[in-house]
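Hi,

Here is the structure I promised to pass on. Have a look at it first, and then read on for what turned up when I went through it.

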Amino acid sequence: MHAAIVLIGSALLVAYVSGAPSANVKEIVQNVSKKCAAETKASPDQAKIVLSKNIPKDDAERCFLQCVYTGVGVIKDGKFSEEGGKKLVALRFHDAKEKELANKLIATCAKEIKAKDGEKCSLGRAVRECFVNHGKQVNFFPSA
Ligand SMILES: *[C@@H]1O[C@H](CO)[C@@H](O)[C@H](O)[C@H]1NC(C)=O
């Protein structure tokens, strides 16, 4: 009896952590990207930068990325948000090892990322740069 309840409990937990949340992140990223493309007037081609590991090369790409990072909570009030980053990690990753790597990345980027005067949407570039430089194994935005 007891064992059966534990088993059902575990099965539900596994279904929960391996199912819906990851699909949600994908959906959130898709929705936020769509909204940001409209808002920043990024072309479909420019919007592809979300799922790449490219460093944005102009205002349009930087501002689009900054909008997406803001939409998913990694940027808040014009700053990198360690809290928002950790929330995204919790939603995105289920494997303990992946979570640990991703949380380390967030902590590193929280220290490293600063907005730069005189560069429009500099946080869009700074966040992408930090993720690329320190998070090669961390894939925040699922494309499949
Ligand atoms: C994404 O947008 C679709 C269509 O507007 C909506 O049904 C869905 O709930 C949204 N998903 C999230 C996670 O916001």
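Let's start with one residue: is E61 buried or exposed? E61 is buried, because its relative accessible area is 8%, and the cut-off for buried is under 20%. You'll find E61 in helix 4. Outside its neighbours within four places in sequence, E61 is in contact with Q46, I49, I55 and P56. There is also A47, which sits 14 residues from E61 in sequence and 7.5 Å from it in space, C-alpha to C-alpha.

Before going further, a word on confidence. This is a predicted model, with an average pLDDT of 86 for the protein and 83% of the residues scoring at least 70. Strand 1 (residues 75-76) has the highest confidence, at 98, while helix 1 (residues 2-18) has the lowest, at a mean of 47. Over residues 5-19 the pLDDT stays under 50, and the model has 5 contacts beyond four places in sequence for that stretch. Where pLDDT is low, the predicted coordinates should not be read in detail.

Back to helix 4. Its 13 residues reach 18 Å from the first C-alpha to the last, close to the 18 Å expected at 1.5 Å a residue. E61 has company there: R62, C63, F64, L65, C67, V68 and Y69 are buried in helix 4 too. After the helix comes G73, with a positive phi near 95°.

Now the largest nonpolar core. It holds 34 residues, and those that touch the most other members are F64, F131, F140 and F141. Two or more residues each come from helix 2 (20-40), helix 4 (59-71), helix 5 (82-92), helix 6 (96-112) and helix 7 (122-134). To see what surrounds F141, set aside its neighbours within four places in sequence: F141 is then in contact with V29, V50, L51, V68, Y69, V72, L88 and R92.

How many of the 13 residues of helix 7 are buried? The count is 10, so helix 7 is largely enclosed by the rest of the structure. Those buried residues are S122, L123, G124, R125, A126, V127, R128, C130, F131 and V132, and what covers them includes helix 4, strand 1, strand 2 and helix 6. The span of helix 7 agrees with expectation, because 13 residues at 1.5 Å a residue should cover 18 Å and its end C-alpha atoms are 18 Å apart.

Since you may want to look at pockets: the largest one has about 210 Å³ of space. It is lined by 14 residues, of which S52, K53, R128, N139 and F140 are the closest to its centre. Helix 7 gives the largest share of that lining, 3 residues.

Last, two backbone spots to check on your side. K41 is not a glycine, yet its phi is positive, at about 60°. K41 lies in the loop between helix 2 and helix 3 (44-47), and it is exposed, with a relative accessible area of 71%. D77 is another residue other than glycine with a positive phi, in this case near 50°. D77 belongs to the loop between strand 1 and strand 2 (79-80), and it counts as exposed because its relative accessibility is 69%, where the cut-off is over 50%.

Cheers

Conventions: Residues numbered from 1 in each chain as written. Predicted model: local features only at pLDDT ≥ 70, side-chain atom pairs only at ≥ 80, totals over all residues. Heavy atoms only, no water. Core = buried A, V, L, I, M, F, W, Y, C linked by side-chain atoms within 4.5 Å. Buried < 20%, exposed > 50% of the residue type's maximum accessible area, 1.4 Å probe, protein only. Helix = DSSP H or I, 4+ residues; strand = E, 2+ residues; numbered from the N terminus. Contact = heavy atoms within 4.5 Å. pLDDT = per-residue confidence, 0-100. Expected span 1.5 Å × (residues − 1). 1 Å grid on protein atoms, 1.4 Å probe; cavity = no way out; pocket = protein on both sides within 12 Å on 5 of 7 lines; lining within 4 Å. Points joined across faces, edges and corners; volume = space filled by probe spheres on them.
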